[in-house]
Every structure is written in C-alpha cells, then in structure tokens.
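Subject: The structure for you to look at

Hi,

Here is the structure I promised to pass on. Please open it alongside this email, and then read on for what turned up.

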Amino acid sequence: MPKTSIGSIYESEAYKQALQAADSVQDKPLPAASAGLLSGRDVRLSPVLDEAMVAKGQRLYASNCQACHSLGTDKTVGPGWQGITVRRQPEWILNMILHTDAMLTHDATARKLLAEYQVRMPTQTISQDEARQVLEFMRTLK
Ligand code: HEC
C-alpha cells in the first residue's frame with residue numbers, strides 16, 4: 001500500500017465515523033481494512049515465544065524505545081511496558097508503533113494516554129518486521 005495515500009484516508013469522514021462507532025476504550029478492533037491499520041487477522045502469535053525474535057526486539061528496545069519506556073510498571077516519558085500484552089491487543093500495539101500519529105489522533109485509548117502523558121510519541125522509523133520483534137520481546141514482560 002502506498003504510504004502517501006494513508007493520510008488522506010485518515011482524514012476522510014467515513015474513517016472518522018467508523019472510528020467513532022468502534023470507540024476503542026475497550027480496545028475494540030479499529031476499522032482497519034479501510035485505513036491501512038493492522039487488524040487481528042494480520043497478527044499471528046505462537047503459543048511458544050520465538051527467542052530469536054525476542055532478542056532482536058530487546059535490541060530495538062534498547063536503541064529506539066528505552067529513552068521513554070521502562071520495562072516495569074513505572075511511568076517515565078511514556079508508560080512502562082510490563083503487562084502491556086495483557087492490557088492491549090497485539091494489533092493495537094503494532095498500530096501504535098507503526099501508525100503512531102494516526103493512533104494518537106483517532107484512537108480513543110491512545111488519545112487517553114496522550115492526555116495523561118502530555119508528550120506525543122514521535123513516529124518511529126522501524127519496519128513492520130521490527131515492530132513485530134518488539135512485540136515478541138514485550139510478551140516476555142508479564
Ligand atoms: C520520545 C519518547 C518516546 C519514544 C522514543 C518512544 N515512545 Fe512509545 N510512547 C511515548 C509516550 C509519551 C506514550 C504515551 C502516548 C503519548 O503520550 O503519545 C507512548 C506509548 C507507547 C505505547 C502504548 C503504551 C501503552 O501502555 O498502551 C506503545 C506500544 C509504544 N509507545 C511503543 C513504543 C516503541 C516500540 C518504541 C520504540 C521503537 C517507542 N514507543 C518509543 C513516548 C515514546
């Protein structure tokens with residue numbers, strides 16, 4: 001999907017209405033198909049952790065995320081990650097990493113975080129595969 005078209009989809013009335021309908025305080029799935037966001041169907045989690053992915057995700061955390069996120073439950077610049085895979089759906093986490101700006105603008109849960117933390121998480125320059133590796137690392141933080 002060409003990246004340039006995504007912005008205009010997020011601005012469309014249809015998308016905003018769909019998001020309102022899906023008001024995701026309870027982490028209901030976003031209307032992903034029309035928006036380029038990932039849905040639950042796009043994420044496969046194996047019951048057993050993939051240790052190679054965990055190691056890569058941990059390295060990405062250290063280089064890209066550690067400045068703002070602890071691995072505990074404490075709040076630094078952003079929320080600590082302990083228990084994050086229990087309180088959030090995997091596709092929500094990936095969308096937060098890959099489509100940060102759209103989520104902070106349109107997703108009710110993300111907007112609540114922004115209101116609480118008062119810092120807008122910057123758009124991350126990591127690939128979908130890398131985001132998936134970070135998610136695998138997050139699964140170790142229960
Ligand atoms: C400059 C600080 C900063 C950096 C760097 C950063 N984040 Fe964030 N992140 C935040 C803040 C602040 C929030 C809370 C939402 C907001 O205010 O934007 C957040 C929220 C999140 C959330 C939702 C947390 C929850 O409890 O639901 C996820 C997931 C996340 N970030 C992932 C990442 C990943 C992965 C990286 C590294 C690739 C990263 N962030 C790098 C500041 C940052």
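Below are the notes on the fold, the ligand, one helix pair and one loop residue.

Before anything else, please keep in mind that this is a predicted model.

**The fold.** The protein chain holds eight helices and zero strands, so its pattern along the sequence reads α-α-α-α-α-α-α-α. Of its 142 residues, 23% are buried. Taking contacts between residues at least 6 apart in sequence, 62% join residues at least 24 apart.

**Around the ligand.** The ligand is surrounded by 25 residues, and the closest are Cys-65, Cys-68, Gly-78, Pro-79 and Met-121. Three elements each give two or more residues to this shell: α3 (51-65), α5 (90-98) and α7 (108-117). Sorted by class, the shell has 19 nonpolar residues, four polar ones and two charged ones.

**The last helix in the pattern, α8.** Is α8 (128-138) enclosed or open? Eight of its 11 residues are buried, so α8 is largely enclosed by the rest of the structure. The buried ones are Ala-131, Arg-132, Gln-133, Val-134, Leu-135, Glu-136, Phe-137 and Met-138. Their cover includes α3, α4 (84-87) and α5.

**How α5 meets α8.** The axes of α5 and α8 are 10 Å apart, and the two helices pack at an angle of about 130 degrees. That angle falls between the 115 and 145 degree limits, and α5 and α8 are therefore oblique to each other. Their crossing is right-handed. If you would like to find the contact on screen, α5 brings Pro-90, Ile-93, Leu-94, Ile-97 and Leu-98. From α8 come Gln-128, Ala-131, Arg-132, Val-134, Leu-135 and Met-138. By class, the residues of this contact are nine nonpolar, one polar and one charged.

**A loop residue to look at.** Gln-118 sits in the loop between α7 and α8. Its phi is near 65 degrees, a positive value in a residue other than glycine. Most residues other than glycine have a negative phi. Is Gln-118 buried or exposed? A residue counts as exposed with 12 or fewer C-beta neighbours within 10 Å, and Gln-118 has 7, so it is exposed.

If you have only a few minutes, I would start with α8 and its contact with α5, then move on to the residues around the ligand.

Happy to talk it through whenever suits you.

Best wishes

Technical notes
Residues numbered from 1 in each chain as written. Predicted model: local features only at pLDDT ≥ 70, side-chain atom pairs only at ≥ 80, totals over all residues. Helix = DSSP H or I, 4+ residues; strand = E, 2+ residues; numbered from the N terminus. Buried ≥ 20, exposed ≤ 12 C-beta atoms within 10 Å, placed from the backbone. Contact = placed C-beta atoms within 7 Å. Near = placed C-beta within 6 Å. Nonpolar A, V, L, I, M, F, W, Y, C, P; charged D, E, K, R; others polar. Axes fitted to C-alpha atoms, helices over the stretch in contact; angles between N-to-C directions. Parallel < 35°, antiparallel > 145°, perpendicular 65-115°, else oblique. Left-handed = near helix turned anticlockwise from the far one by under 90°.
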